[in-house]
Amino acid sequence: MPISRRPPQRHVEDVADVLRYLSRRNLLAGGAAVAAGGLLSACSGGGGGSYSDRNSGNNGGKKNTMPLEVGKANIPTPREQTLIVAQTDFTVFNNWNSMVPNGAPGASGFDIFVKEYMFYLNLATGELMPWLCTDYKYNDDFTELTFHFDPNAKWNDGQALTSADFKFTVDLLRSRQDLLGGGGDLTEFTKSVDTPDPQTAVITMTKPNPRFHYGFIAVIVGGFDIRPKHVWEGKDPLKFRDNPPVRSGPYVLDKAIQSQKMFVWKKNPDYWNKAKLDPKPQYVVYISTAKQADSASLAFERAQVDVGSIDEEHAKALRAKGYPALVTTQFHDPCPRAFWLNNDPSRGIIAEPKMHWVINYLIDRVKDGTNVWPVKVPPAHYPWADYPSNKKWEDQEVADKYPFTYDPAKAEDLLDEIAPKGSNGKRMYKGKPASIEIITPVAVDGAEYVMAKLVRDQLVKLGVDATIRSLSGSVHDDKWQRGEFDISSQWVCDVSWDPEQLYRNLQSDRAVPVGKNAVGRNNVRLRDKRLDDLSKQLANMDPTSNEAKQLLAKALEIYYEDLPVIPIIQTGYPQYFNTAFWTGWPTDNNLYQVPLNWWGHFMFVIGKIQPSGRKAPA
């Protein structure tokens, strides 16, 4: 699944290209590129330090000193019955077709409680939640994958949701590479889809793949978007607007108000799964965020917004004043910040494996996580997020053999081995001056840029000619795909399910020459036959089997030896909730669900919150 994107707040990078990058990597293109249509990932602004107010659930245990002055919300629905979310600026109001660029507006609620997914993986708890489907099952050799759909599921127009809808969507996407989400692994692995009854879909695969089900589970942001056959059949998917959208979730579109840049969703009284999910808000309104951060924060302070519209800088100010209705909940992004190192010999010293460890010894992860990232976060040792569901992939014995310590002296010793200093004090590698170019898609005030600059400065002190360049998203992506870089300071998002996803992407047969577009595969041009062999074995194994775990340990050790991508820190994103009108939000002490309001999982948060009983001003 693709990675979350974040609301456009200041002092942080614009990660619009992360989605394009991830959509090429995802095991199932259908879920990736659809989510790439515009969902946003959060980040905070402001300076570092702790942002938690977990002691009291609002203002850090301080005595409330600031009265709550509620302003009148400019919405067409009763405030006491309405959840208000302000996260981004909307520009599309009459199109819900996420198969085309600039189709369905992202972060509008559509991907959260209108669409529903076959399964949800709650990364906050590690729980896999069957939803539209009741289960999945492979045959013995992993060449068939069977899904069973809930017989109660139905679309919001009253029609039954069946396996025929699933088959229609898969067949459409695997046959149309011109659509967002089309082609990819759906084409590579799907031989046919059979529907022996309305609740059963059987995918026959072209070759074994025990991980094919990953692409049908909402893991990061969203999941595989099933389209209703009776609505889409016969339509040109490049032109159809899908307006109003027919999906299966608990809310339906009431109105899109372009003049106010607002979407109003109302509860579907005939929602099929009300026994499991019956949200209390009768309406959910998504409004565009004020472009001025002070104005956006004031809307939150006056309880005109329940979720979003505030950053850490303004949240700190509210805490300092004793604002009584703020809940701040932390959650780690799926993508640790990381350096990607080019392994192609044509790039000179950076392709030298020992140089990778030089870079690693020059990374001060404690400083990066405490003073550089906008909020305090822990160091990263594994190339995946520190979720409970990822604990099973950790191998402390292997990790201890390759400690990630900040040690410039060790870095200098390694440099002396591979690139001795010349008479001018500059390092020479194989008869040529040692030079390294670091690129990043982040602005010069972004954390990824600063982390790279700290390493660049130390390299210069050690005699390496090192530079750093902040590039626009499209320019960075072009150099990233063509391998025209030495180090890219960004993020690692390859492991959403298990480490073989990363190892598979690093296989030698995916390493194209520098100058040729890698299309999101093995951008660092790593070539290691040992890792290739292990990855190919793992590809046909249940990743949780004992045999697979042994191979994963070997692969992890090779990964540490090569260090083609160096994890730096976990990525902390605080989410802000207002308790003036709604309570029961996920907190640091009760993180019952992913708290990020642009993920599909937020549907379950909406299903959990309760009205506070406060009356809105007249």
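**Figure 1. Polar contact between the side chains of Tyr-406 and Gln-458.** In this predicted model, the side chains of Tyr-406 and Gln-458 are joined by a polar contact of 3.0 Å. Tyr-406 lies in the loop that runs between helix H11 (396–401) and helix H12 (408–418). Because its relative accessibility is 39%, Tyr-406 counts as partly exposed. Leaving out residues up to four places away in sequence, Tyr-406 touches Tyr-361, Leu-362, Ile-363 and Asp-364 in addition to Gln-458. Val-366 is 40 residues from Tyr-406 in sequence, and the C-alpha atoms of the two residues are 8.8 Å apart in space.

**Figure 2. Three-stranded open sheet with the order E3-E2-E8.** The pairing in this sheet is mixed. Strand E3 (127–130) and strand E8 (217–218) stand at the edges and have a single partner strand each, so one side of each lacks a neighbour in the sheet. Strand E2 (residues 119–122) pairs with E3 in the antiparallel sense, over four bridges. Within this pairing, Leu-128 in E3 is the bridge partner of Leu-121.

**Figure 3. Surroundings of Met-118 in the largest nonpolar core.** The largest nonpolar core comprises 88 residues. Met-118 is among the residues with the most contacts inside this core, together with Phe-113, Phe-147, Phe-166, Phe-216, Trp-265 and Trp-599. Neighbours within four places in sequence aside, Met-118 is in contact with the aromatic residues Phe-147, Phe-149, Phe-166, Phe-216, Phe-224 and Trp-131, and also with Pro-130, Leu-132, Cys-133 and Ile-226. A second core, separate from this one, has 74 residues, including Phe-339, Trp-357, Leu-414 and Met-541. In soluble globular proteins, nonpolar side chains tend to be buried together.

**Figure 4. Packing of helix H16 against helices H15 and H17.** In helix H16 (residues 529–538), the buried residues are Leu-531, Asp-532, Leu-534, Ser-535 and Leu-538. These buried residues pack against helix H15 (500–505) and helix H17 (546–562). An α-helix has 3.6 residues a turn, so residues three or four places apart point the same way.

**Figure 5. Overview of the chain for orientation of the close-up views.** The secondary structure comprises 18 helices and 23 strands. The chain has 618 residues, of which 61% count as buried. Among contacts in the chain with a separation of 6 or more, 73% are between residues 24 or more positions apart. The accessible surface of the chain comes to about 22700 Å², and carbon and sulfur atoms account for 49% of that surface.

Terms used
Residues are numbered from 1 along each chain as its sequence is written. This is a predicted model: local features need pLDDT of at least 70, side-chain atom pairs count only at pLDDT 80 or more; totals for chains, interfaces and linings use all residues. Side-chain values use heavy atoms; hydrogens and water are left out. Two strands pair if DSSP finds at least two bridges between them. Helices (H or I, at least four residues) and strands (E, at least two) are DSSP runs, numbered from the N terminus. Buried means under 20% relative accessible area, exposed over 50%, partly exposed in between (1.4 Å probe, protein chains only). Contact means heavy atoms within 4.5 Å. Accessible areas come from the Shrake-Rupley method with a 1.4 Å probe; for residues, only the protein chains shown count as cover. A polar contact is a pair of N or O atoms within 3.5 Å; within protein, one must be able to donate a hydrogen and the other to accept it, and residues adjacent in sequence count only if both atoms are side-chain atoms. A nonpolar core is a set of buried Ala, Val, Leu, Ile, Met, Phe, Trp, Tyr and Cys residues joined through side-chain atoms within 4.5 Å.
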